[in-house]
Amino acid sequence: QVRLVESGGGLVQPGESLRLSCAASGFTFRIAFMTWYRQAPGKERELVARISSDGSSTNYADSVKGRFTISRDDRRNAVYLQMNSLKPEDTAMYYCNHPATGSWGQGTQVTVSS
């Protein structure tokens, strides 16, 4: 059974940083393409970042390019989202996703406010 558990969210001020983690189990992580999505109140869920199975290829939403970095650790079956220079418009629930199975975590809340 696929399981994705996000952590690392919180309340921060504009300009600060957070690192989100997603612990994965129930599938062969080292060959898995992984993604991070977010959903703000009243808005549709949007793709934030994705990383290839070997980590050599990453893609980002235009709104986070240059500020967010997705990475993975296959030894720990984990994918990360380093978020720097956070803005109020980054406030959302952030979700880890395994596209091959369509599985989602429960999400972790990120709130950026002064």
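Which residues have the most contacts inside the largest nonpolar core? They are Met 34, Trp 36, Val 79, Leu 81, Met 83 and Tyr 94, in a core of 27 residues. The model is predicted, and this core is a good place to enter it.

Start with the strands that build the core. At least two residues each come from β3, β4 (34-39), β5 (46-51), β7 (68-73), β8 (78-83), β9 and β11 (108-112). The most generous is β3, which gives four residues.

Now take Val 79 as a viewpoint. Set aside its neighbours within four places in sequence. Val 79 then is in contact with Leu 20, Ser 21 and Cys 22, among others. Its contacts also include Phe 29, Met 34, Trp 36 and Ile 51. Ile 70, Ser 71, Arg 72 and Cys 96 complete the list. Two of the residues with the most contacts inside the core, Met 34 and Trp 36, are thus also partners of Val 79.

Two cysteines on that list lead to the next feature. Cys 22 and Cys 96 are joined by a disulfide, with an S to S distance of 2.2 Å. The structure holds one such bond. How far apart in the chain are the residues of this pair? They lie 74 residues apart, so the bond links distant parts of the chain: Cys 22 sits in strand β3 (residues 18-25), and Cys 96 in strand β9 (residues 92-98). Both cysteines are buried. The torsion about their S-S bond is about -80°, so the disulfide is left-handed.

Step back to the whole chain. What secondary structure does the chain have? It has eleven strands and zero helices. Read along the sequence, the pattern is β-β-β-β-β-β-β-β-β-β-β. The radius of gyration is 13 Å, close to the 13 Å that the globule rule gives for 114 residues, so the chain is as compact as a globular protein of that length. Along the principal axes, the C-alpha atoms fill a box of roughly 40 × 25 × 25 Å.

Contacts across the sequence come next. Consider contacts between residues at least 6 apart in sequence. Of these, 51% join residues at least 24 apart.

Finally, look at inside and outside. Buried residues make up 39% of the 114 in the chain. The chain exposes about 6100 Å². Carbon and sulfur atoms supply 44% of that area.

Conventions
Residues numbered from 1 in each chain as written. Predicted model: local features only at pLDDT ≥ 70, side-chain atom pairs only at ≥ 80, totals over all residues. Heavy atoms only, no water. Disulfide = S-S within 2.5 Å. Buried < 20%, exposed > 50% of the residue type's maximum accessible area, 1.4 Å probe, protein only. Core = buried A, V, L, I, M, F, W, Y, C linked by side-chain atoms within 4.5 Å. Contact = heavy atoms within 4.5 Å. Rg over C-alpha atoms; globule rule 2.2 N^0.38 Å. Areas by Shrake-Rupley, 256 points an atom, 1.4 Å probe, with all protein chains shown as cover.
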